[in-house]
Amino acid sequence: MKPHRTALLATAAVAALLLPLTACGGDASADGNGSTVTVTVGYQSRTINTVTAGTLLRSLGYFEEQLNALGDGVTYKVNWQDYATGAPITAQMTAGKIDIGSMGDFPLLINAARGKQLGKPTRLVSVTGYNLLGGLNTIVTAPGSSLTSLKDLKGKKVSTSVGSAADGTLVRALQRAGLDADKDIEKLNQQPAVGASALSSGSADALSQFVAWPGLLAHQGKAKALYDGAQLNLPTFHGVTAREDFAKKRPAVLEAFLKAQTQATDYLEGHPVAAAEQVAKATGLPAEAVYLYNGAQGIATFDPAIKPQLVAALKEDVTILKDAKLTGDVDVDAFVDDQYVKKALGPKEYAERLSATPPNPAGEVWPKGAQKTVAFTSPTALLRHVAEHRDAVRAAYVPDTTTGTLWFADQAVWVSDGSALLPFVAPATAEAYVAGHDGARVVTYAEALERAS
């Protein structure tokens, strides 16, 4: 089983006398008949590994349905606030203006630290999308770049968003390559869109970012992969955080959210192509890039269960943030609170989801006009199909031979080893394979197609 912005203006005094009591940010003072409670949800529409708690969930209307089903005499309204990153969501949460928010693992830790520091504690209550090896983050370069390995980044300008999981990937990857992110490169602290422009203009030599930017830029022909984050073999994920005071005051509302998130997760799993199309429509992202991460064999696995591996990885992330002076110590165990999602799902289902593992990597072809993809057990078979149906293929995806990270077939680095054709996300891993296998060599995508047909 694959597991499954603008704050509201305060009501004018006169209007408050005429209208039912309205609560913003979950601070309702009445629960009686005729009262209205507004639940404010902060999300990141284009950070597509949070879609089951944001973009997709909003489009499906499941949260509103769950709230209407509470039957507690309260009229609920959901205020969806869209942000580019997790930082403003944290700022609004600590100000008491957002009740529930979703963001990546590093921003979650900052969320925990800021909440405790300001006396407005928050709790991690569920997970959205995760990758147990770290494949949600990728370092890319311009298509014509001569850089082929991390060591080539020495003395170069690298754009990332400081405090993000992608920054953490950059720091760790450079450390393993014998480089210091503070001394050996010029780090540019930029929002993803700004970094993407910097890469295109040549003002940045490389870009380290989180989903969906690397895949988006690769799909658009504006970048190529330099480093696959899964090479770190350290889990990365996105999750849902809630204000502690909100959770305690309105546990039923939080549980309704988590039930709705689970519904959205099941919908994504059961209708991956339709879900990708819905997210694409809502965000303006190409559906092909959305599917790379969120598809049936996508880089991300979605499930609300808070797996021990993810909590352990979160604890390791604290060191990176402390070294960057972005936080002090963070009590991860105190931050993690799975009681609400356990209650929402029930103990049996929660236990099943907790023990479930991601599916084995497989290649997929998305035919034009189709609402389903075709899966392939081998890269060679996928290439053969693409070669025979060139004009009918919308997108083709292949898993990296060593990490399993899904990538676009036409953007992968291909290696010919006897009769086998093997895909890799990054050139360094392909070259490492070639170095260890006599007769193996890197080939172009066109040559790989020809050899497969």
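**Stop 1: the largest cavity**

Begin with the largest cavity of this predicted model, which has a volume of about 90 Å³. Its lining comprises 14 residues. Select Thr 169, Arg 172, Leu 234, Pro 235 and Thr 236, the ones closest to its centre. Now color by element. H5 and helix H6 (165-176) each give two or more residues to this lining. H6 gives the most, with four residues. How is such empty space found? Rolling a probe the size of a water molecule over the atoms shows where it is left.

**Stop 2: the largest pocket**

Next, move to the largest pocket, with about 370 Å³ of space. Here 22 residues form the lining. Thr 85, Ala 87, Pro 107, Val 162 and Gly 163 are the closest to the centre of the pocket. Two elements, H4 and H5, give two or more residues to the lining of this pocket.

**Stop 3: helix H4**

Stay with H4 and select residues 87-94. Which residues of this helix are buried? They are Ile 89, Thr 90, Gln 92, Met 93 and Thr 94. Show what surrounds them. The buried residues of H4 pack against five strands and a helix, listed here by element:

- strand E2 (36-43) and strand E3 (75-82)
- strand E4 (100-104) and helix H5 (105-117)
- strand E5 (122-131) and strand E11 (236-243)

Step just past the end of H4 to Gly 96. Its phi is positive, about 80°.

**Stop 4: strand E5 and its partners**

Select E5. Is this strand enclosed or open to the outside? Nine of its ten residues are buried, so E5 is largely enclosed by the rest of the structure. Now add E11. It runs antiparallel to E5, and seven bridges join the two. For one pair, pick Asn 131, which stands opposite Thr 236 in E11. Thr 236 also appeared at the first stop, among the residues closest to the centre of the largest cavity.

Then add strand E12 (residues 301-302). E5 and E12 pair in the antiparallel sense over two bridges. Here Tyr 130 stands opposite Thr 301.

**Stop 5: Gln 261**

Go to helix H10 (residues 251-270) and pick out Gln 261. With a relative accessibility of 0%, Gln 261 counts as buried. Display its contacts beyond four places in sequence. Gln 261 touches Thr 52, Ala 53, Leu 57, Ser 126, Val 127, Thr 128, Val 240 and Pro 304. Zoom in on Ser 126: its side chain makes a polar contact with the side chain of Gln 261, at 2.7 Å. For a distance check, select the C-alpha atoms of Gln 261 and Phe 237. They are separated by 16 Å, while the two residues lie 24 residues apart along the chain.

**Stop 6: Glu 288**

Select helix H12 (residues 287-294), where Glu 288 lies. Is Glu 288 buried or exposed? It is buried, because its relative accessible area is 13%, under the 20% cut-off. Its contacts, leaving out residues up to four places away in sequence, are His 219, Trp 366, Arg 394, Ala 395, Tyr 397 and Phe 408.

**Stop 7: the four-stranded sheet**

Follow two of those contacts onward. Trp 366 falls within strand E13 (residues 363-367), and Phe 408 within strand E16 (406-408). Both strands belong to an open sheet of four, in the order E14-E13-E15-E16, with antiparallel pairing. Its edge strands are strand E14 (374-376) and E16, each pairing on one side only. On average, neighbouring strands here are turned by 25° against each other, direction ignored.

Look closer at E13 and E14. Three bridges join this antiparallel pair. Glu 364 has Ala 375 in E14 as its bridge partner.

**Stop 8: the three-stranded sheet**

Last, select E18, E17 and E19. They form an open sheet in the order E18-E17-E19, with antiparallel pairing. Strand E18 (420-424) and strand E19 (441-443) are the edges. Neighbouring strands in this sheet are turned by 40° on average, direction ignored. Helix H17 (residues 379-388) packs on the sheet and touches E17 and E18; its direction makes about 95° with that of E18.

Strand E17 (residues 413-417) pairs with E19 in the antiparallel sense over three bridges. Val 415 has Val 442 in E19 as its bridge partner. Finish on helix H18 (residues 427-435). H18 lies across E17, E18 and E19, running at about 10° to E17.

Note on methods
Residues are numbered from 1 along each chain as its sequence is written. This is a predicted model: local features need pLDDT of at least 70, side-chain atom pairs count only at pLDDT 80 or more; totals for chains, interfaces and linings use all residues. Side-chain values use heavy atoms; hydrogens and water are left out. Buried means under 20% relative accessible area, exposed over 50%, partly exposed in between (1.4 Å probe, protein chains only). Contact means heavy atoms within 4.5 Å. A polar contact is a pair of N or O atoms within 3.5 Å; within protein, one must be able to donate a hydrogen and the other to accept it, and residues adjacent in sequence count only if both atoms are side-chain atoms. Two strands pair if DSSP finds at least two bridges between them. Axes are lines fitted to C-alpha atoms, for helices over the stretch in contact, and angles run from 0 to 180 degrees between N-to-C directions. On a 1 Å grid over the protein atoms alone, a cavity is a set of points where a 1.4 Å probe fits but cannot get out, and a pocket is an open set with protein on both sides within 12 Å along at least five of seven lines; lining residues have an atom within 4 Å of a point. Grid points are joined across faces, edges and corners, and a volume is the space filled by probe spheres set on the points.
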